[in-house]
Structure formats: C-alpha cells, structure tokens
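Please look through the sequence and the structure shown here, and then read the notes that follow, which take up a few selected sites in turn.

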Amino acid sequence: MNSLKHRILDIALAVTAFLKPHRLLCPIFQGEGVILVMHRVVPDKRCPRIPASSRIEITPEFLEELINYFIELNYEIISLDSVHQRLSGKETGRPFVCFTFDDGYVDIFTIIHPLFMKYQLPYAVYVVSDFPDRKSVLWWYMLEDLVLKHNALSFRYADQGFSFTTRSATEKEAAFAKIREVILSVPQDQMTEVLDAVFSPYSIIAEDYNDLQMDWNQVVELSRESLVTIGAHTVHHYNLKQLTAEQVRWEIQTSKERLEEKIGRPVEHFAYPYGSRDEVGKREFDLAAESDFKTMVTVREGNIFSDHAAHLSCLPRVEITGRHQNLALVDVRRCGIVSFLRHGLTRVITE
Ligand SMILES: [Zn+2]
C-alpha cells in the first residue's frame, strides 16, 4: 500500500516537474522568499543505516545542486541579517533564499563551509552550545551503531527488562524506534541513567562520538568569516515545552552568552530546538523575544512574507531532509504551495 502511494506521488511529482503548474501560483504564495533549514551534509557511503537516524542527512552533491538551482532561478541568496533588514523595510530585492543549518555538526566546518566559500555565499549555523563544550551525548548515533552491530540486545531500566532480536533490517529499525521511545520518555534530568543502562553493557562510549560535533576552534574560525552567521540554539537542545519558564530563559540566554564569549561577536539570531508545535509555542516565543534577537525561527513549514515583520519571534522555515533530496519537490515547496495546503489555506505561518 505504502509503495503504491509512493509510486503515485512519484508520478505526480514527475508530471509537476515537467509542466510546473505551481509556478503560475508562485507570485501569490512565495512571499518575499524562504529560509531553508538543514542539519547534516554527509557523503553517501552506501553502508547500512537506520533511516530514522540518517533522515537529517543530505549529500554534498545535493547541497551543491540546491545552491545552483536557486542561482539559476535568479534568487538572492542572503544572510539572516538581510532577512531582518528586508522585514524591517530597509532592504528590498528579488525573491530570497537564506540557508541555515541547525545544531553544529562537524560537517558544517568540513563540507558546508568550503562549499559556501567556493560560491562566496552567506549561510547561518545555529549552534547548541553543549556541542563544542563537549557535554552533549549524541545518543541517536550511538543507538544506530548499537542496533547495527548486534544481532540481539537487552538491558534493564527502572526495574523493567527490555530485549530485542536485531538480525534483519526490519528488526533493527523496530528496535531503534522502541529504544528511542524509551530514552525520550525519560525526564531530561534522568537521561544519564537511561543512557548508561542502554549503552554500558555494549561498550558504546559517548566520547567516541564527540568528533561529529564542531569544537570551539572550528566555531571561532567560522565566525571570523563575514559571510557566516552564528546563531544560538540553546544549551541542551531540550524540548522547551517540558521546561519551566525560568529554565527556558536560562537555556536561551546562557547559550547566547556562551557563544558571544567564545566568538567575541553579538549573537543576534536564534532557532528553537526541534521547532514544531509539539516543542515550541506562544510561551516560548515570548520568552525568546526577551533576549533581543533580531530573528527567531521554527520548523513550521512556510515562506517569509512582509507580514512576518510583526512575528520575528516565530519565522517559519522549509526543512530539507534526506527524504527531500529532489529538486522537483523543492520547486513546489519554495513556491509556498505545500505550506499553504498543509496549514489550512493560510499563507503567513506564525504560531
Ligand atoms: Zn536542532
């Protein structure tokens, strides 16, 4: 059933890519432009992966295609400061695209930065300050390795025993999903115990994954380049809706100050962790607005309109994941039509 649905979608996309009917609607729905969000850019090594883990990765080839696609469409590729200027009415121009990358993985330094410098284009990276502080545990990559390396798994947590057969790809994906669910169901201050219960019997060590994150030397080096904007993305990357107002303030303000202290420049842009309606809403928007950022972004899918000048604490973005590596699909989404249909025929997406 699922494969039939995918085939129908593929055919619909192929017809759309050829006839481009959505382009007639573009002037109505594209607004001023679009802020894109991506996470990781990783060469396709063709080794077995868990799709739920690799979904945030696109290939370097696709990123370059994406840049060239917008250049050929005559878009202006602009910085977050320019997005802010546009919304303040201080700059005007052709439709824009602003490239942003969340979290602060090392591929920003090794792959994304060199590519943007080759084209001399601006981009932004929102850094979780615990990444370069080496305090983040990248348990989702540890979990992927755990299920890929073993044919059976078991652990005990909170007086409950868990065991899984993990021989086939389907079994590995199911175990990954279940263990992920267990980890995410634990209150954030008990994370250490659950991670210890899952990983310590298998000698999977958090420090071995540190190099997937940028270190401070790399963040500082990027910040010296005027085409790069360093934005804040909290300290721990927690679900902010689960925290008290005081904890949310601390997460936002501390990450901003930590970055400013390291890079010696003001940090004026912010991205909410996760950023969907499950993790951020009106309360978080109001709390982030206390920190004097020029722009604050979610992952609600949407284009940027001049009306967003009154909603700088909740600017929508269009997320490009591994599943979206298709320029025909990008062509429909950058026109704002997917967002319009998805949001009950609303063009200006805010809260
Ligand atoms: Zn993030």
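## Ile28 and the surface patch

Ile28 has a relative accessibility of 42% in this predicted model, and because buried residues fall under 20% and exposed ones over 50%, with partly exposed in between, Ile28 counts as partly exposed. Ile28 lies in helix H2, which covers residues 26-29.

Together with Leu24 and Leu25, Ile28 makes a nonpolar surface patch of about 300 Å².

## The zinc site

The zinc ion has as its protein donors Asp103, through OD, and His233 and His237, each through NE2, at 2.1 to 2.2 Å from the ion. Along the chain these donors follow the spacing D-x129-H-x3-H. Asp103 belongs to strand S5 (residues 96-103), whereas His233 sits in the loop between strand S9 (228-232) and helix H11 (245-263), so the pair ties together parts that are 130 residues apart in sequence.

Are these two donors, Asp103 and His233, buried or exposed? Both Asp103 and His233 are buried.

## Arg317 and its polar partners

Arg317 lies in strand S12, which runs over residues 315-319, and with a relative accessibility of 0% Arg317 counts as buried, because the cut-off for that class is under 20%.

The side chain of Arg317 makes a polar contact with the side chain of Asp102 at 2.9 Å, and a polar atom of the Arg317 side chain also lies 2.8 Å from the backbone oxygen of Thr298.

Key: Residues are numbered from 1 along each chain as its sequence is written. This is a predicted model: local features need pLDDT of at least 70, side-chain atom pairs count only at pLDDT 80 or more; totals for chains, interfaces and linings use all residues. Side-chain values use heavy atoms; hydrogens and water are left out. Helices (H or I, at least four residues) and strands (E, at least two) are DSSP runs, numbered from the N terminus. Buried means under 20% relative accessible area, exposed over 50%, partly exposed in between (1.4 Å probe, protein chains only). A polar contact is a pair of N or O atoms within 3.5 Å; within protein, one must be able to donate a hydrogen and the other to accept it, and residues adjacent in sequence count only if both atoms are side-chain atoms. Donors are N, O and S atoms within 2.8 Å of the metal (3.2 Å for Na, K and Ca); water is not among the atoms, so sites may look incomplete. Patches are made of residues with over 30% relative accessible area and no salt bridge: like charges are joined within 9 Å, nonpolar side chains (Val, Leu, Ile, Met, Phe, Trp, Tyr) within 5 Å. Accessible areas come from the Shrake-Rupley method with a 1.4 Å probe; for residues, only the protein chains shown count as cover. A salt bridge is a side-chain nitrogen of Lys or Arg within 4 Å of a carboxyl oxygen of Asp or Glu.
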